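Trainee: Hey, have you got a few minutes to walk me through a protein model? I'd like to learn how to read one.

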Amino acid sequence: MAAARLRGSTTLAPVANDEAIGAIVLFRTATGHRPNAGELTADHIEALLPPADVVDRVAAFFSSSGFDVGRPVGLSMSIVAPPSTYEATFGVGPRPPGEEYPLDRLPHEIRDVVAAVTAPAPIDFGPGSYP
C-alpha cells in the first residue's frame with residue numbers, strides 16, 4: 001500500500017498499487033485555447049469541440065500508456081489506471097480533487113491539444129446524510 005488516492009473530500013488514504021483511479025482530460029478548444037466556463041453553452045459547444053483526429057490521437061496515447069479511456073463527452077474524456085501508470089506518465093502520483101497533473105512529460109503533440117488533466121472532485125449528493 002504505497003500509493004495514495006482521495007477518499008471523501010480531501011483526505012488521502014493508502015490504497016493498493018493496483019487499485020485504479022480516475023482523472024478527467026480536458027481538451028483545448030478547436031481554436032487551441034483552454035475553455036472557460038462562460039463559453040461552455042449549448043449555443044457554443046459545437047464550435048469549440050476539437051477535431052475528431054485530435055480526440056483519437058489523445059485517446060490512443062493514453063490507451064497505449066496503460067490507461068482505460070472513456071468515450072469523449074464534450075471537451076473531455078475520462079482516463080482510469082493504477083497509480084503507477086500516473087507516475088510513469090505524469091511523474092507524480094494521485095492528485096487531490098481539482099488539482100491538475102503536470103503536462104510537461106507528455107509528448108508535445110499531446111500537450112499542445114490537452115488543456116488539463118484533473119483529479120475529479122467527489123460526487124456531492126447535497127445536504128444531509130445518505131447511507
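Mentor: Sure, and one term comes up right away: helices here are DSSP runs of H or I with at least four residues, numbered from the N terminus. Ile 45 sits in one of them, helix H1, which covers residues 45-48. Keep in mind that this is a predicted model.

Trainee: Okay, is Ile 45 buried or exposed?

Mentor: Neither label fits, because its relative accessible area is 26%, which makes Ile 45 partly exposed. Here's another thing about it: Ile 45 and Leu 75 are 30 residues apart in sequence, and their C-alpha atoms are 8.3 Å apart in space.

Trainee: Zooming out, how many helices and strands are in the chain?

Mentor: The protein chain has 4 helices and 6 strands. Starting at the N terminus, the order is β-β-β-α-α-β-β-α-α-β.

Trainee: And what share of the residues is buried?

Mentor: Out of 131 residues in the protein chain, 32% are buried. As for contacts between residues at least 6 apart in sequence, 49% of them join residues at least 24 apart.

Trainee: Let's do the strands. Which ones form the open sheet?

Mentor: The open sheet has 4 strands, in the order S4-S5-S3-S6, with antiparallel pairing. S4 and S6 are the edge strands, each pairing on one side only.

Trainee: How many bridges hold S3 and S5 together?

Mentor: S3, which is residues 21-27, pairs with S5 over 6 bridges, in the antiparallel sense. You can find partners by eye: Gly 22 stands opposite Val 80 in S5, and Ile 24 stands opposite Ser 78 in S5.

Trainee: What about S4 and S5?

Mentor: S4 is residues 68-69, and 2 bridges join it to S5, again antiparallel. Asp 68 stands opposite Val 80 there. S4 and S5 make a hairpin with 6 residues between them, and Gly 74 in the turn has a positive phi of about 60°.

Trainee: Which residues of S5 are on its covered face?

Mentor: S5 runs over residues 76-81, and its covered face has Met 77, Ile 79 and Ala 81. The uncovered face has Ser 76, Ser 78 and Val 80.

Trainee: Why do the numbers skip like that?

Mentor: Because side chains in a regular strand alternate between the two faces of the sheet.

Trainee: Neat. Switching to helices, which residues of H2 are buried?

Mentor: Val 54, Val 55, Val 58, Ala 59, Phe 61 and Phe 62. Around the axis they cover an arc of only 160°, so they're on the same side of H2.

Trainee: What's on the face turned away from that buried side?

Mentor: That face carries exposed residues: Ala 52, Asp 53, Asp 56 and Ser 64.

Trainee: So what covers the buried residues of H2?

Mentor: The cover includes strands S3, S4 and S5, helix H3, helix H4 (108-111) and strand S6 (114-118).

Trainee: How does the span of H2 compare with what you'd expect?

Mentor: It agrees: H2 has 13 residues, 52-64, which should span 18 Å at 1.5 Å a residue, and its end C-alpha atoms are 18 Å apart. Just after H2, Gly 66 takes a positive phi of about 105°.

Trainee: Now H3. Which of its residues are buried?

Mentor: In H3, residues 83-90, the buried ones are Pro 83, Thr 85, Tyr 86, Thr 89 and Phe 90. Looking down the axis of H3, they fall within an arc of 155°, so they line one face of the helix. H3 is followed by Gly 91, with a positive phi near 85°.

Trainee: Isn't Thr a polar residue? What does the side chain of Thr 89 reach?

Mentor: The side chain of Thr 89 reaches the backbone oxygen of Thr 85, at 2.9 Å. Thr 89 has a relative accessible area of 9%, so it counts as buried. Leaving out residues up to four places away in sequence, Thr 89 touches Phe 61, Phe 62, Ser 65, Phe 67, Arg 105 and Leu 106.

Trainee: Last one: how many salt bridges does the whole structure have?

Mentor: The search finds 1. Arg 95 pairs with Glu 99, and their closest N and O atoms are 3.0 Å apart.

Trainee: How exposed are those two?

Mentor: Arg 95 is partly exposed at 22% relative accessibility, and Glu 99 is partly exposed too, with a relative accessible area of 32%.

Definitions and conventions:
Residues are numbered from 1 along each chain as its sequence is written. This is a predicted model: local features need pLDDT of at least 70, side-chain atom pairs count only at pLDDT 80 or more; totals for chains, interfaces and linings use all residues. Side-chain values use heavy atoms; hydrogens and water are left out. Buried means under 20% relative accessible area, exposed over 50%, partly exposed in between (1.4 Å probe, protein chains only). Helices (H or I, at least four residues) and strands (E, at least two) are DSSP runs, numbered from the N terminus. The arc is that of the directions from the helix axis to the C-beta atoms. Two strands pair if DSSP finds at least two bridges between them. A salt bridge is a side-chain nitrogen of Lys or Arg within 4 Å of a carboxyl oxygen of Asp or Glu. The expected span of a helix is 1.5 Å times one less than its number of residues. Contact means heavy atoms within 4.5 Å. A polar contact is a pair of N or O atoms within 3.5 Å; within protein, one must be able to donate a hydrogen and the other to accept it, and residues adjacent in sequence count only if both atoms are side-chain atoms.
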